[in-house]
Amino acid sequence: MSEAGEGRVATVPAPSARRRKGLGPRQLLLAIGLAMVAVLGVVMIFGPQLAPYSPSATSLDALAPPSAQHWLGTDLIGRDVLSRLIVGGRTTLVITVAAVGLALAAGLVLGLWSGFVGGLTDQIVMRGLDIVFAFPVFLLAITVVAALGPTIPNLIMTIAIVYTPILARVVRGPVLSVKRWDHVEAARSVGVSEFWIMVRHVLPLVISPILVETSLTLANTIFTVTALSFLGLGPPPPDPNWGGMLAEARQFMELAPWTVIAPGAAIVFASLTFIMLANGLRDRLDVGGRQ
Amino acid sequence: MRRMILVRLALTLPILFGVSIAAFVLMRALPGDFAVAAAGTTSVSPEALAAIRANLGLDQPVWVQYLAWLQGAMTGDLGTSFVTKRPVVGEILPRLAVTAELTLIAATMALLMGAVTGLASARLRGSVDWVVRLYNGFVLAVPNFVVATLIVLLAGLYFPQIRLFNYVPFFTDPLENLTSLILPAFSLSLAVSVTISENTRAAVLEVAGQDYVMVARAKGLGPGKVLRSYLIRNALTPVITITGLQVATLLGGSILIETIFAIPGMGQYLYDSITSRDYPAIQAIVLVTAIIVILVNVAVDIAYARADARVEL
């Protein structure tokens, strides 16, 4: 009895130690987020190989409910919803990831440069960004895409432009304080070039908030891409995409609810993935809340 | 105070100026011929195109065109619609009123939902906190057009008595008008309510840790009195600011929501103008929206400074 009691006492770690070691709910969040990212990654890379049918193959079995042959049913002209979801997911995700990748690259350059050089350059860049911030993101996106024409490269370019200011501002903030730290001064005093200080001594210290914000931007971009496609400004047909599928299915959704629920759920899954990733990363990397 | 407001307004002038340039350049830098769009057809004779160019001032240098447009915009002339051939201002104003109403209802709903869930989350803690945060995380992931589509689907399947796409103008029947805007405003407000909820939670937790709250409790005030007189009052001031800052999100979202629910607001007008390549209309909507966002932000700043004497603008 006493042995068991002692054993129990000994195995209970101090609260602080438990918080550090254990897989707390927040750590779990990151793990689930990463697992969901893996699912999206597989869809993005192997999309067409995974789809049981061709996304554009029609059949006479129109608006069929979910069954063993068609797990998510078929749409108005008898196409397999699951196959369209997988192939369309690839298109949607490729646009999202490419756009955010470009925005991140541009935001890093602008934010690092503006924050690090400071002075008039910083003022000019930041006032320019203030002007861009006055336009709602979606208003800007829809106007530019409509005028350029909705093709995949145009969508990527537009969304990258729209999100660059947001990421640039996130990069600039921490750069402003990190550039005054002693190790930067030390590097400068031993003759390290300004460019190398920026890349080697400032960038690594500001990377955590950037990762969190990039993840949130991915979630927002999923919204922007699917919303544009929903309004008919997505990748041109016949290639499927989630927003377009949702819009197409609206007309007959009361007869075949699965045709709207499937793409709707896919959109929610993808944004949930990046929101969970952002929250998990924020906790793991100890980044303060951003509101 | 008055001086402070004037300074704050003066500081927005350069931004307003920049926004007008951005709106102008956005439309002119785009590929495609302005004159062809104005003619409304691609089969136009070169002479007719030249006439349209001269008429619209497109043969002038770009900066002359900009100044002419800016001068017009300042005197309330935003150009003539390519489609209706009527002044754009006359087209925008009634639609702006509709969007303003929709946005206002949505903001109120978001503020109510967000403040209540955030307050509950911060005060009750434990499982309530957990449920609210889980709910917030999930709702944030559901885009407003998906919410709207699901609402239309559910109403169609289970509540056929709800008529969804019949917008009623306010002056025809105020009550019907409000009823017809409830579901659209709800779809628009959900995501914004999450931001408000999370900020309320953080603000209440911060205020609850302040010394004056402890003093109030120590001198024997009941929890209800502390909540009303100390927590809500102090925590909600920043939250109202956050709600104001969400106006850009709401205006962007109204493009989708108005299109889905067939509400004749500015968002739907933008969508229609984009479809019909009505450049003067698009340009005007972009400008008006940006100005609204800027002015609301200024108003929120000023209101905040009035409510909290410690804040300097």
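**Group meeting talk: two chains and their helices**

Let me start where the two chains meet. The contact takes 32 residues from chain A and 39 residues from chain B. Please keep in mind that this is a predicted model.

On the side of chain A that touches chain B, four helices each supply at least two residues: H5, covering 119-133, then H6, H9 and H11, the last covering 258-284. Which of them gives the most to that side? It is H6(A), with eight residues. If you sort the residues of this side of chain A by class, you get 23 nonpolar, six polar and three charged.

Now chain A as a whole. Its secondary structure comes to eleven helices and zero strands. So there is little to memorise in the pattern, because along the sequence it reads α-α-α-α-α-α-α-α-α-α-α. Chain A has 291 residues, and 46% of them are buried. Take the contacts in chain A with a separation of 6 or more: 71% of them are between residues 24 or more positions apart.

Next, the core. The largest nonpolar core has 151 residues. Those with the most contacts inside it are Ala141(A), Ile142(A), Ile159(A), Val171(A), Leu228(A) and Ile285(B). Please note the chain letters in that list, as residues of chain A and of chain B both appear in it. Helix H4 of chain A, residues 81-117, provides the largest share of this core, 15 residues. As general background, nonpolar side chains in soluble globular proteins tend to be buried together.

One residue from that list is worth a closer look. What does Ile159(A) touch, once we leave aside its neighbours within four places in sequence? The answer is Ala99(A), Ala141(A), Thr221(A), Thr224(A) and Val225(A). Ala141(A) is itself on the list of residues with the most contacts in the core.

That brings us to a pair of helices in chain A. H6(A), residues 137-148, packs against H9(A), residues 194-230, at an angle of about 50°, with the axes 11 Å apart. Because of that angle, H6(A) is oblique to H9(A). The crossing of H6(A) past H9(A) is right-handed. From H6(A), the residues in this contact are Val137(A), Phe138(A), Ala141(A), Ile142(A) and Val145(A). They meet Thr224(A), Ala227(A) and Leu228(A) in H9(A). By class, this contact of H6(A) with H9(A) has seven nonpolar residues, one polar and no charged.

Staying with H9 of chain A, we find Pro209(A) in this helix. Is Pro209(A) buried, exposed or partly exposed? Pro209(A) has 18 other C-beta atoms within 10 Å, so it is partly exposed. A residue needs 20 or more to be called buried. Between the C-alpha atoms of Pro209(A) and Ala186(A), which are 23 residues apart along the chain, the separation is 24 Å.

Over to chain B, and another helix pair. H5(B), residues 88-124, and H11(B), residues 247-261, pack at an angle of about 125°, with their axes 10 Å apart. Therefore H5(B) is oblique to H11(B). H5(B) passes H11(B) in a right-handed crossing. On the H5(B) side we have Thr99(B), Leu102(B), Thr103(B), Ala106(B) and Ala107(B), and on the H11(B) side Val247(B), Leu250(B), Leu251(B) and Ser254(B). Sorted by class, the residues of this contact of H5(B) with H11(B) are six nonpolar, three polar and no charged.

Val132(B) sits in H6 of chain B, residues 126-140. Val132(B) counts as buried because 22 C-beta neighbours lie inside 10 Å. Beyond its neighbours within four places in sequence, Val132(B) is in contact with Thr117(B), Ala120(B), Ser121(B) and Ser197(B). The C-alpha atom of Val132(B) is 22 Å from that of Leu150(B), 18 residues apart along the chain.

Last, two backbone angles. Most residues other than glycine have a negative phi, and most peptide bonds are trans. Lys85(B) has a positive phi of about 60°, although it is not a glycine. Lys85(B) is in the loop between H4, residues 62-74, and H5 of chain B. With 8 C-beta neighbours inside 10 Å, Lys85(B) counts as exposed. Arg277(B) also has a positive phi, near 55°. Its loop runs between H12, residues 266-275, and H13, residues 279-307, of chain B. Arg277(B) is partly exposed, because 18 other C-beta atoms lie within 10 Å.

Technical notes
Residues numbered from 1 in each chain as written. Chains lettered and ligands numbered in written order. Predicted model: local features only at pLDDT ≥ 70, side-chain atom pairs only at ≥ 80, totals over all residues. Core = buried A, V, L, I, M, F, W, Y, C linked by C-beta atoms within 7 Å. Buried ≥ 20, exposed ≤ 12 C-beta atoms within 10 Å, placed from the backbone. Contact = placed C-beta atoms within 7 Å. Axes fitted to C-alpha atoms, helices over the stretch in contact; angles between N-to-C directions. Parallel < 35°, antiparallel > 145°, perpendicular 65-115°, else oblique. Left-handed = near helix turned anticlockwise from the far one by under 90°. Nonpolar A, V, L, I, M, F, W, Y, C, P; charged D, E, K, R; others polar.
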